[in-house]
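The following exercises practise reading a protein model step by step. Please attempt each task before turning to its solution.

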Amino acid sequence: MLKNDIYDVIVVGAGHAGCEAALASARRGFSTMLITISLDKIAYMSCNPAIGGLAKGSLVKDLDALGGEMGRNIDATFIQFQLLNESKGVAARSSRAQADKRKYSERMKKSLFTADNLSVKQAVVSDILVKDKVVYGVRAVSGEEYHASKVIVTTGTFLNGKIFVGDKSYEGGRMNDISSTHLVSSLTSLGFEPIRLKTGTPARVDKRSIDFDKVEAYKKETTRRGFSFETGILGDDQIDCFITYTSDRTHQVVRENTYRSLYFNNKDKALGPRYCPSMEDKVSKFPDRERHLIVLEEEGIGSNEIYINGFSSSLPIDAQLEAYRTIVGLERAEFIRPAYAIEYIAFQPTILKKSYETKLIDGLYFAGQINGTSGYEEAAVQGFMASVNATLSIEGKEPFILNRDESYIGVMTDDLTTKGVDEPYRIFSSRAEHRMRLREDNAEARLIEYGKDLGLITDKRYDRFMEDCVVVSNTIEKLKGIKIRISDKNIVDIISKYNIILNESITAYDFLKRPEASYDMLEEMNLIEQIPTKLQEQVWIEIFYEGYIKKEEQEIAKSNKLEFIRIPQNIDYGSVSGLRLEQVEKLKRISPENLGQALRIPGMTHNAISMLEIAIEKFKKV
């Protein structure tokens, strides 16, 4: 042992999970050390240079409402903003922003290096130090030891990472980055059973080799708010992304060269994501599909690299290039970086408590792709939650657990710890039962109290939020008392201009329940004072969707009854009458915290839960 620094929390890995974990711990006042293989790759965007997307945008908004950094970071470094699914209603819409890849990493690095209570070091961790099933630090390959009462492991794709290009494969946590091989041995020796997962990334093409006259500019938003509730309206200074498509010739080239892919033809290959398949998978699984969407996305201002979204591959480089050049606009494409597949080690997240602490080792937490997830956003919120719970544990307090009806973070956490993964996990709005409640716009209303209690929301921000709440509440009450009278010619003229027909006078409140009505119209009628645009939207949502919101609240209250029936840790599932052997085995392995979580275990039935509830009542009386 060469060194023995002592910290409250050590975070291993400085990807998106590690950055949020380190900042949350340090900002809560705990001495923290962040260890990373490369200081040059902090918060690096290994794949798509973007934050957000369907449901992912909600994760980032929720993280911001709790006091996380990702929302502020992307708002400060974005180069294009989009609002997805806007036509499908407020419960489905989601924010997405292209980042300047270099600036995103640099800004996050600055946040880490200027944070109080935080030390950042470059080293390769080889061992997790454990005594009597309790973690006490880490050891680097250089022999240095660092001690802490809590350790959070956020290794991304670096655990035994292996890269595949054509018939070649070699170790790497990312293209041109070393993998972490020693740490896997340490973790498996502690009893963790590894699973192998796979992901991939497209080629980066030289911007100067693309014919942009042949491709279609992708829609961008210019009047939307950013991810952080502390950010104002985003400006017009945005770049374009472009759309093109594969062709029959593209698919033919891929089919003719698939036999040359070592990874694709490996019968023992790891599980890859269904929702983001390689081009080899697309051509193989959808042979009748005439074309596939390709989006050309810039990686940053001043960069010539164009990310070819939709065309990941593990074909040989010459075959990749031939296939890319069959796509309209890419006929003269030149690679800056080729596409590749990467296989890595993760662990079934059912080994975790909902606090992200492992069940095997006290004080050891996992966050990010080590838990079988994919995506920067999923990783970031896991890192944040793991860190908050690690520091709460140091304080001797109960863990901070979000329920499924409180946040997409709660949905993901419950999915991971209850069901495990059979492919890289990605959050989707379809995974949430209560989408109307888990909207992007109300993230602060749902979560800011938690962030304030954790000490991660400033008094200034909280006071602004409370003032906004008062304005929204008062405005809604005023609208209930304001009459839109059809006897008023000025009002009738304004309504007619918008092709709205009123047969009788109604309140302004009821007027906003009509799909063709808007708050702007009430202002034009001089019936209500002007308030900020974001608060106008909040007023309209609460009025227009009132019935849907009330119905969902009733459903939540009904389903939550099972969440409050806790299962004793030392209950003997084998002695519960009526449970099948398969159900007993799953209950023992997953160890659910309450009946609600138990019901969501695959293969569990309402009858089994009823039997378990009876057993719990008997257990309490003993």
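**Exercise 1. Determine how many disulfides the whole structure holds, and explain the result for C19 and C47.**

Solution. A search of the whole structure finds 0 disulfides, where a disulfide is a pair of cysteine sulfur atoms within 2.5 Å. The model is a predicted one: local features need pLDDT of at least 70, side-chain atom pairs count only at pLDDT 80 or more, and totals for chains, interfaces and linings use all residues. Residues are numbered from 1 along each chain as its sequence is written, and side-chain values use heavy atoms, with hydrogens and water left out.

Step 1. A disulfide is a covalent bond between the sulfur atoms of two cysteines.

Step 2. For C19, the closest cysteine sulfur is that of C47, 18 Å away, which is too far for a bond. C19 has 0% relative accessibility and therefore counts as buried (buried means under 20% relative accessible area, exposed over 50%, partly exposed in between, with a 1.4 Å probe and protein chains only).

Step 3. For C47, the closest cysteine sulfur belongs to C276; at 6.3 Å, this too is too far for a bond. With 22% relative accessibility, C47 counts as partly exposed.

**Exercise 2. Describe the overall build of the protein chain.**

Solution. Step 1. The protein chain contains 20 helices and 21 strands (DSSP runs numbered from the N terminus: helices are H or I of at least four residues, strands are E of at least two). Its radius of gyration is 26 Å, close to the 25 Å that the globule rule gives for 622 residues, so the chain is as compact as a globular protein of that length (the radius is taken over C-alpha atoms, and the rule is 2.2 Å times the number of residues to the power 0.38).

Step 2. Along the principal axes, the C-alpha atoms fill a box of roughly 85 × 75 × 50 Å.

Step 3. Of the 622 residues, 57% count as buried. Among contacts (heavy atoms within 4.5 Å) between residues at least 6 apart in sequence, 72% join residues at least 24 apart.

**Exercise 3. State which residues of helix α11 are buried, and which helices they pack against.**

Solution. Step 1. Helix α11 covers residues 443-453, and its buried residues are A443, E444, R446, L447, I448 and G451.

Step 2. These buried residues pack against α2 (56-66) and α12 (459-481).

Step 3. Just after α11, G455 takes a positive phi of about 80°.
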